[in-house]
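Please open the model in your viewer and keep a selection prompt at hand. The stops below go from the whole chain to single residues, with a note on what to look for at each.

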Amino acid sequence: MINLAWVTSGFYSDENEFRGAAAIHNLAREISMNPEIQLTVFALYYPFEKNDYNLYNAKVFTFSNYPPEKLTSLRKLRIWQAFRKKFAEEHNRIKFDVIHSFWAGEPGYNASKVSQKFGIPLAANICGGELAAYPEINYGQQLSSLQRYFIGRTFFSADLIVCGSDFIADKASEFYDTSIVQKIRKIPFGVYESRFSEKLFPERSVSPRPVLVNIAHAVPVKAHADLLLALIEVKKQYPGIQLNIYGNDGKGFILHKARTMGLEENVKVFNFIEYNNIPLALHNADVFVLSSVYESQNMAMLEAAFMGLPVVSTDVGVAREITPFISKPRDTISLAQNIIKALKQPKPGYKNLHDRFSLKASAEQYFDLYKEISGKK
């Protein structure tokens, strides 16, 4: 039996919540159901104002009484103290074999502290912008000296650093030396095949109007303006092209931009979409497209691939590992050309997609990692 501690910034509050990090939700379920693992989750900031609870076969401890917008530095410090106290109590009771932090910033830093104190092996996941620095859009934790410190201490303390894509594995050398880079192990988050499979839906009727789908909130790192510029070029060959965008756009940025570009008849923004509804949104499209400047992995493009859609993407996350239709970020002409190529391709030919990116395969790799660093092979 491996006693496993996860340290996260947030966790899901019940079995039906997938908002924010569905990939971690799905992995937690798979891991906690493994009879050889006892999973305990320490959720620093979310859910807030919720008592400790059990979910699947995992025990979850929570520490915050405040919504994210009210988390001051002082309140965070108190949460960290409460976490370390509770961790010590649980470790004295059951003796953890492995600590695994999701996000290498504040969760990783706190995990590294208890790892060092109790001599427990530490794995740290890169889940987001830990290796990003894009001052022109104010994105990336490497822009903050404090976050750089947290990430650096996490990486220094970790026995293994886990990432979900070759893109991130390569990017690490831009910021860290060989002693850190050589710790990196690629294990992608896996797709929940019971939800995402083209076999779950009937064949779509052929439509004269091609449909593109994008699943991304309207934030600068997703570069929706670039996607719209590419759409202008695609529209020259496909005048009726439709782009469906699923993601929060509270300020109406995307639709305003579409109107100024003469694309108001070609773009629909559906705002937030529940996780359970994503498969149908993908099924109703012809091509998935992503225009991001940076992604650590990106589950949406993998889920689209599992649904049988061609994937067109900038060279971020796992794009280069699954599709030939990749462009450099900001290269809108190349992005448009790849969209046109994908629309003309009748069926994508993915190689070993399920073996590499299914939830089952991912959970098995994580289990092997836990056995390895705990010494319980």
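Begin by selecting residues 311–314, strand S13, together with S12: the two strands run parallel and are joined by three bridges, where strands count as paired if DSSP finds at least two bridges between them. Helices (H or I, at least four residues) and strands (E, at least two) are DSSP runs, numbered from the N terminus. The model is a predicted one, in which local features need pLDDT of at least 70 and side-chain atom pairs count only at pLDDT 80 or more, while totals for chains, interfaces and linings use all residues. Residues are numbered from 1 along each chain as its sequence is written, and side-chain values use heavy atoms, with hydrogens and water left out.

Stay with S12, residues 287–290, and show its side chains: Val 287 and Val 289 point one way, Phe 288 and Leu 290 point the other way, and all are buried, a word that here means under 20% relative accessible area, with exposed meaning over 50% and partly exposed in between (1.4 Å probe, protein chains only). In a regular strand the side chains alternate between the two faces of the sheet. Now centre on Phe 288, which stands opposite Val 311 in S13 and is also the bridge partner of Val 213. Adding strand S9, residues 211–215, brings in the parallel pairing of S9 with S12, made over two bridges.

From S9, go back along the chain to Ser 197, in the loop between strand S8 (184–186) and S9. Is Ser 197 buried or exposed? Its relative accessibility is 15%, so Ser 197 counts as buried. Leaving aside neighbours within four places in sequence, Ser 197 is in contact (heavy atoms within 4.5 Å) with Phe 306 and Met 307. Select Glu 303 as well: its C-alpha atom is separated by 8.4 Å from that of Ser 197, although the two residues lie 106 residues apart along the chain.

The next stops concern the backbone. Most residues other than glycine have a negative phi, and most peptide bonds are trans. Select Tyr 46 and Pro 47, which are joined by a cis peptide bond with omega at about 0 degrees; Pro 47 belongs to the loop between strand S2 (37–46) and strand S3 (53–55).

Then move to Arg 330, in the loop between strand S14 (326–327) and helix H12 (332–344), where phi is near 80 degrees, a positive value in a residue other than glycine. With a relative accessibility of 42%, Arg 330 counts as partly exposed. On the other side of H12, in the loop that leads to helix H13 (353–357), select Asn 352, which also has a positive phi, near 50 degrees. Asn 352 is exposed, its relative accessible area being 52%.

Finally, zoom out to the whole protein chain, whose secondary structure comes to 14 helices and 14 strands. Its C-alpha atoms fill a box of roughly 65 × 40 × 40 Å along the principal axes, and buried residues make up 56% of the 377 residues. Among contacts with a separation of 6 or more, 70% are between residues 24 or more positions apart.
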